[in-house]
Amino acid sequence: MQTRKPKISKELKEKLLDLEKLKYCFECGICTASCPMMELAPSHYNPRILLETIVLDPEKALTKPDIWLCGWCYRCYERCPQKLKPPEILLLVKTHAVEEGILEGFNEAAKIMGETVALAESCYYVCFHPERTKMRQEDFENVLKKLIKNRNKTKRQKIKPQGEKIAIIGSGPAGLTAAYELAKKGYHVTVFEAYPEIGGMLRYGIPEKRLPRKAVDDDVEYIKGFGVEFKTNTALGKDITFDQLKDEGYKAIFIAVGALKSRKIGCEGEELEGAVCALDFLRDVKSKKTVTIGEKVAVIGGGNVAVDAARTALHGGAKEVTILYRRTREEMPANPWEVKEAEEEGIKLEFLVAPSRILGKDGKVAGLELVRMELGEPDETGRRTPKPVKDSNFTREFDMIILAVGEAVDTSFLPKEIELSDINTIWADPITMETTKEGVFAGGDAVTGPASVMEGIVAGKRAADSIDRYVKGG
Ligand SMILES: Cc1cc2nc3c(=O)[nH]c(=O)nc-3n(C[C@H](O)[C@H](O)[C@H](O)COP(=O)(O)OP(=O)(O)OC[C@H]3O[C@@H](n4cnc5c(N)ncnc54)[C@H](O)[C@@H]3O)c2cc1C
Ligand code: SF4
Ligand code: SF4
């Protein structure tokens with residue numbers, strides 16, 4: 001245990017204040033109101049107060065578990081009037097804590113997470129990013145081991161559920177969290193999952209290098225210990241229907257089917273061999289299927305999925321990987337940290353280009369016809385709309401094209417009483433999470449569109465509380 005008083009140099013204090021203009025924070029609290037971690041652990045985490053501590057008493061901030069609890073979802077940054085980036089400010093503080101050997105906050109944060117969320121081990125890898133602080137692997141693993149040991153002590157092995165039957169559709173972070181919370185409340189919970197394995201995008205999307213299978217396996221085993229039943233290879237709308245679930249006595253249904261439908265770009269050549277959707281590519285690699293990876297790969301898109309697909313192609317043996325994005329670096333929706341790591345690994349980025357045609361030879365991808373873009377007026381999201389530059393077409397050789405231009409929600413299996421939002425996701429009341437069909441609730445990416453693990457967890461917890469009130473007639 002660290003006993004010496006932590007020190008922060010004058011230079012670091014200056015750097016902290018200057019970083020993203022921390023000294024100009026309005027203290028408006030919008031970050032706190034937007035923060036999923038704050039909703040999960042309100043007595044432990046409040047970004048506005050944490051930023052204030054960093055300004056007023058940075059030495060104290062070094063020892064606090066809070067600095068380790070930010071889930072890197074950037075929701076606060078999107079809404080902050082001053083465009084501050086709390087995850088990056090906290091990274092600087094965490095890195096300094098690690099340099100000084102101050103790890104008590106990290107230890108305490110693991111304890112808090114183990115007590116707060118069922119997916120604590122997965123969150124440690126994919127949300128909190130201790131590795132970015134250059135923490136020694138051994139220190140990281142020791143804390144994880146303690147987290148697993150502590151939570152297994154509290155695990156209720158194979159409890160016999162007594163309460164009403166609840167159906168959860170989809171086993172990603174939202175579905176798993178709702179299942180865990182409802183099982184803890186005594187409900188008889190069954191999770192129906194279309195894929196052969198449990199975990200949603202934790203299992204089939206996020207690359208192994210960033211989230212090892214074992215962490216997902218451990219979290220799933222922990223949840224099974226609360227008596228949750230799983231039916232895999234069972235898709236709602238195909239293998240079971242809403243009516244069947246009702247007839248079998250399920251009192252409420254929670255739809256947490258994610259946003260797994262890859263958008264197409266709608267240009268010629270998408271059907272050629274070697275042109276694949278990013279989610280299919282990532283899923284096949286994670287499922288250990290034989291995947292043919294090209295030598296010269298182009299990834300179309302600028303989000304996190306594009307970056308993960310590019311890195312997976314590179315790690316899988318591609319000689320050259322280029323991400324092509326139609327806006328500029330500033331507009332890239334991908335987490336800037338992931339982009340930086342991708343560039344350090346050798347992935348090239350090209351901005352203000354868009355594909356107009358996928359070129360083929362003998363049925364296989366042979367290249368791309370691209371067009372240069374320029375930015376016009378901002379669209380409804382505030383981002384400037386890219387427009388093609390006249391007569392700027394050019395061609396490039398590639399033997400594999402990965403399309404990562406966004407994910408949508410598959411709503412084809414829903415009955416017509418369940419209405420959709422204006423972004424074509426499932427509409428659910430933001431407080432109760434109930435859809436327009438009585439007794440049917442929805443949450444996670446299926447409602448918000450592609451978001452983050454932490455937001456999925458919050459949705460699952462909120463839905464469980466709401467379903468509990470609904471079943472009890474509250
Ligand atoms: C490549 C990639 C990288 C990402 N990286 C990060 C990251 O670093 N940090 C972060 O916070 N977030 C990240 N995310 C986002 C995060 O994984 C998602 O926001 C989160 O998993 C959403 O959880 P969910 O439970 O709503 O849905 P999902 O995790 O998508 O799970 C939905 C589940 O429902 C199942 N399903 C679908 N239809 C049916 C049906 N009809 N019947 C039964 N089951 C069905 C699916 O098979 C799936 O298992 C990433 C996502 C991807 C794709
Ligand atoms: S939203 Fe921005 S300005 Fe407001 S308290 Fe948070 S960091 Fe400060
Ligand atoms: S990045 Fe997400 S978890 Fe971190 S402070 Fe912002 S809203 Fe909260």
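These notes cover the domains and two ligand shells of a predicted model.

1. Domain layout. The assignment gives three domains for the protein. Domain 1 spans 10-153. Domain 2 is written in two pieces, 165-260 and 409-471. Domain 3 covers 262-406.

2. Domain 1 against domain 2. The centres of domain 1 and domain 2 are 28 Å apart, taken over C-alpha atoms. Contacts join 17 residues of domain 1 to 22 residues of domain 2.

3. The domain 1 side of that contact. Helix 3, helix 9 (120-126) and helix 10 (137-154) each give at least two residues to the side touching domain 2. Helix 9 has the largest share, with 5 residues. By class, this side of domain 1 holds 12 nonpolar, 2 polar and 3 charged residues.

4. Ligand 2. The shell has 13 residues. Closest to the ligand are Cys25, Cys28, Ile30, Cys31 and Cys80. Helix 2 and helix 4 (47-56) are the elements that supply two or more residues to this shell. The shell around ligand 2 counts 9 nonpolar, 2 polar and 2 charged residues.

5. Ligand 3. Here 16 residues surround the ligand. Cys35, Cys70, Gly71, Cys73 and Cys76 come nearest. Two or more residues come from each of helix 2 (30-34), helix 3 (36-40), helix 6 (75-79) and helix 7 (86-99). The classes are 13 nonpolar, 2 polar and 1 charged.

6. Elements to revisit. Helix 2 contributes to the shell around ligand 2 and to the shell around ligand 3. Helix 3 contributes to the shell around ligand 3 and to the side of domain 1 that touches domain 2.

Technical notes:
Residues are numbered from 1 along each chain as its sequence is written. Chains are lettered from A and ligands numbered from 1 in the order in which they are written. This is a predicted model: local features need pLDDT of at least 70, side-chain atom pairs count only at pLDDT 80 or more; totals for chains, interfaces and linings use all residues. A residue is near a molecule or strand if its C-beta atom, placed from the backbone, lies within 6 Å of it. Helices (H or I, at least four residues) and strands (E, at least two) are DSSP runs, numbered from the N terminus. Ala, Val, Leu, Ile, Met, Phe, Trp, Tyr, Cys and Pro count as nonpolar, Asp, Glu, Lys and Arg as charged, and the others, Gly among them, as polar. Domain bounds come from an automatic or database domain assignment. Two residues are in contact if their C-beta atoms, placed from the backbone, lie within 7 Å.
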